Structure formats: C-alpha cells, structure tokens
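Here are a few exercises to help you find your way around. Have a look at the sequence and the model, then try each task before reading its solution.

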Amino acid sequence: FISQCIRNGELPYWFNTWGMGFPLQSNLTWGIYSSPQLFFSSVFDYNMYALHIEFLFFILLSGWSMYYLLKHFLTKDEKLARLLAICYMLSGFMVGSTQWLLYITAAAFVPLVIASLLKLLQAPSAKNSVQVAVCYTLMFTSVYAVFNIISTYSIAVFLAIWLWKHRKEKGMMLFRLRYLLAAAAITALLCFPCLYFTIELLNHL
C-alpha cells in the first residue's frame with residue numbers, strides 16, 4: 001500500500017483497506033516512519049519478490065548485527081562469534097516468525113542497539129551518541145511495539161545497574177552521563193513525530 005502511494009505521488013497517510021481505514025501515522029510499528037520500509041517501498045515495485053528480498057535482508061542483517069555484537073564486545077574468538085551469529089539468524093525464532101516480518105526486524109535491530117550502547121559506554125563521544133540514537137530509532141519505528149517496550153525497559157535497567165557498578169569513577173561517570181543524556185535527547189527528537197501522532201490519535205482508534 002505504501003509503495004503504491006509513493007509511486008502514484010500520494011502521501012501514505014490513510015490506510016483504507018482494513019477495518020474501514022485508519023491513519024498510518026498513528027501506528028508505532030509498520031507506519032510511515034520506518035526508514036527501511038520506506039526504502040524498500042520506494043526502490044521496488046512492491047510485490048512477492050520484493051517482500052522476499054526484504055525478508056532475506058533482515059535475516060542477513062540479524063546475523064551481521066549479532067556477529068558485530070559478539071566479536072567486538074563479548075568474545076575475541078572470531079570462529080565462535082561467526083558460529084553463534086549463524087545460529088542466531090537461523091534459529092527457531094526466525095523460522096517460526098517468517099509470517100511476522102516485524103519480529104524479524106526486531107531480531108535484526110536489537111543487537112545493533114545493544115552494540116551501539118556498549119560502544120558509547122566504553123568510548124563516550126558525540127559520534128557514538130548519534131549512533132545509539134539512530135540505531136534505537138530504526139528499531140523503534142520498524143519492529144512490533146512489544147519489542148520496543150521490552151527493549152526500552154531492559155536498556156533502562158541495564159544502564160541503572162551499569163552506572164551503579166561504576167559509580168566510583170566520578171570524573172569518567174560525569175563524562176559518560178553527558179553523552180548518554182545527549183543520546184537520549186537525540187533519540188527523543190528522532191522518535192518524536194511517531195510518538196506524537198500515536199498519542200494524538202490513540203483515543204480515536
């Protein structure tokens with residue numbers, strides 16, 4: 001539907017073929033704020049083949065992102081990281097979720113969010129703050145809402161524990177907090193349109 005709108009010069013605001021229609025900008029998941037979805041909808045004349053390409057892309061991205069997370073932050077054994085990444089991308093979760101692309105996108109983006117957050121904590125910088133914000137926004141606008149809620153709570157709990165464990169590093173702690181707050185501010189700014197329209201239209205759905 002989004003692809004047809006874009007290719008016919010229309011803005012894909014109103015989805016008119018399900019439940020008498022509803023505004024797409026009110027949807028947290030597969031709405032008009034997902035950059036990957038807009039990319040595939042714009043580049044391809046969306047059909048079964050385009051859907052298959054999109055599906056394979058996210059399967060591969062899940063393996064790549066898990067490999068990056070493992071190799072840079074959890075193990076130095078490249079063969080083990082590669083093996084675990086392949087197991088992740090071909091796991092029962094992936095096979096069992098082939099009819100739900102929003103689950104596959106979650107599997108692809110969650111490792112990237114974790115890796116970017118760990119990178120920011122290890123090496124605080126403006127670049128890493130922006131990277132966290134972009135990765136989180138990609139996840140936030142492209143996955144099923146439940147994964148967003150669980151991931152956000154998990155990140156908050158992890159950060160609270162991590163900051164408590166490193167509370168004695170006072171000078172470095174303030175430095176990290178500055179860039180963590182910058183990442184949070186950029187994330188809020190990038191996610192604001194999606195959140196605003198969802199809250200605005202929630203009472204009417």
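**Exercise 1.** Which residues does Ile104 touch, not counting residues up to four places away in sequence?

*Solution.* Start by clicking on Ile104 in this predicted model. Skip residues up to four places away in sequence, and the contacts of Ile104 are Phe55, Phe58, Ile59, Met94 and Ser97. Next, look at the largest nonpolar core, which has 20 residues. Ile104 is one of those that touch the most other members, along with Phe58, Ile59, Phe109, Tyr136 and Met139. Helices α3, α6 (101-122), α7 (126-140) and α9 (170-202) each supply at least two residues of this core. The largest share, six residues, comes from α6. Apart from this core lies another, of nine residues, including Leu117, Val132, Trp162 and Tyr179.

**Exercise 2.** Work out whether Ser129 is buried or exposed, and find its contacts.

*Solution.* First, place Ser129: this residue sits in helix α7. Then check its relative accessibility, which is 2%, so Ser129 counts as buried. Finally, leave aside neighbours within four places in sequence, and you'll find Ser129 in contact with Leu120, Tyr179, Ala182 and Ala183.

**Exercise 3.** Now do the same for Ile53: where is it found, and how does it relate to Phe40?

*Solution.* Ile53 belongs to helix α3, residues 48-74. Its relative accessibility is 40%, so Ile53 counts as partly exposed; that label covers values between the 20% and 50% cut-offs. Along the sequence, Ile53 and Phe40 are 13 residues apart, while their C-alpha atoms are 9.1 Å apart in space. Setting aside residues up to four places away in sequence, Ile53 touches Phe40 and Phe44.

Key
Residues are numbered from 1 along each chain as its sequence is written. This is a predicted model: local features need pLDDT of at least 70, side-chain atom pairs count only at pLDDT 80 or more; totals for chains, interfaces and linings use all residues. Side-chain values use heavy atoms; hydrogens and water are left out. Helices (H or I, at least four residues) and strands (E, at least two) are DSSP runs, numbered from the N terminus. Buried means under 20% relative accessible area, exposed over 50%, partly exposed in between (1.4 Å probe, protein chains only). Contact means heavy atoms within 4.5 Å. A nonpolar core is a set of buried Ala, Val, Leu, Ile, Met, Phe, Trp, Tyr and Cys residues joined through side-chain atoms within 4.5 Å.
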